[in-house]
Amino acid sequence: MSESPTRANGQCHCGAIRYSMPTAVEHHALCHCTDCRRHAGAPMVGWALVGQADLDMTGTPKIYSSSEHGRRHFCGDCGTGLFYTNEAIFPGPIDVQTGTLDDPDLIPAGAQIQIAERIGWMEKLDEMPAFNRYPGMD
């Protein structure tokens, strides 16, 4: 019987920044806030919170001050959003964008947050047609 991995790996789109993090996280939430959506260019963003000391990284992300306390860390080469820190809300830990994990299924999401800002059509995803690949390319 195989054991579940205790660490997960991820990277930016171009591979300039790679990281490893524990699969045991404080929480993994799907955020629907406007700031996350706008920064990621996506309808929601998955975030897993871990201690900064538990995150191993190669490469150095650029940091953007997205609010008074919020800091968004991204690859300066390809632009991929990777991490978020906020010393006022959660001093010490770092949020990792789970969509950048090599195997996102290693850390299941446990909640949706900021649903007051959720895009209306996100509530009806299960009602939309679904395709394994781009339509006509199955």
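## Exercises on a predicted model

In this predicted model, Gly99 belongs to the loop that links strand S9 (90–97) with strand S10 (111–113).

**Exercise 1.** Determine whether Gly99 is buried or exposed, and state how many Å separate its C-alpha atom from that of Ala42.

*Solution.* Begin with the relative accessibility of Gly99, which is 69%. The cut-off for an exposed residue is over 50%, so Gly99 counts as exposed. Then turn to the pair of C-alpha atoms: Gly99 and Ala42 are 57 residues apart along the chain, and their C-alpha atoms are separated by 11 Å.

**Exercise 2.** Work out which strands stand at the edges of the sheet with the order S1-S2-S5, and why one side of each is left without a neighbour.

*Solution.* The sheet is open, consists of three strands in the order S1-S2-S5, and has antiparallel pairing. Strand S1 (7–11) and strand S5 (56–58) each have a single partner strand, so both stand at the edges and leave one side without a neighbour in the sheet. Neighbouring strands here are turned by 15° against each other on average, direction ignored. For the pair of S2 (residues 18–22) and S5, three bridges are found in the antiparallel sense, and Arg18 has Thr58 in S5 as its bridge partner.

**Exercise 3.** Establish in which sense, parallel or antiparallel, strand S3 runs with S4 and with S10.

*Solution.* Take S4 (residues 45–51) to begin with: five bridges connect this strand to S3 (residues 27–31), and the two run antiparallel, with His28 opposite Ala48 in S4. For S10, three bridges connect the strand to S3 and the sense is parallel; here Cys31 has Ile113 in S10 as its bridge partner.

Notes
Residues are numbered from 1 along each chain as its sequence is written. This is a predicted model: local features need pLDDT of at least 70, side-chain atom pairs count only at pLDDT 80 or more; totals for chains, interfaces and linings use all residues. Side-chain values use heavy atoms; hydrogens and water are left out. Two strands pair if DSSP finds at least two bridges between them. Helices (H or I, at least four residues) and strands (E, at least two) are DSSP runs, numbered from the N terminus. Axes are lines fitted to C-alpha atoms, for helices over the stretch in contact, and angles run from 0 to 180 degrees between N-to-C directions. Buried means under 20% relative accessible area, exposed over 50%, partly exposed in between (1.4 Å probe, protein chains only).
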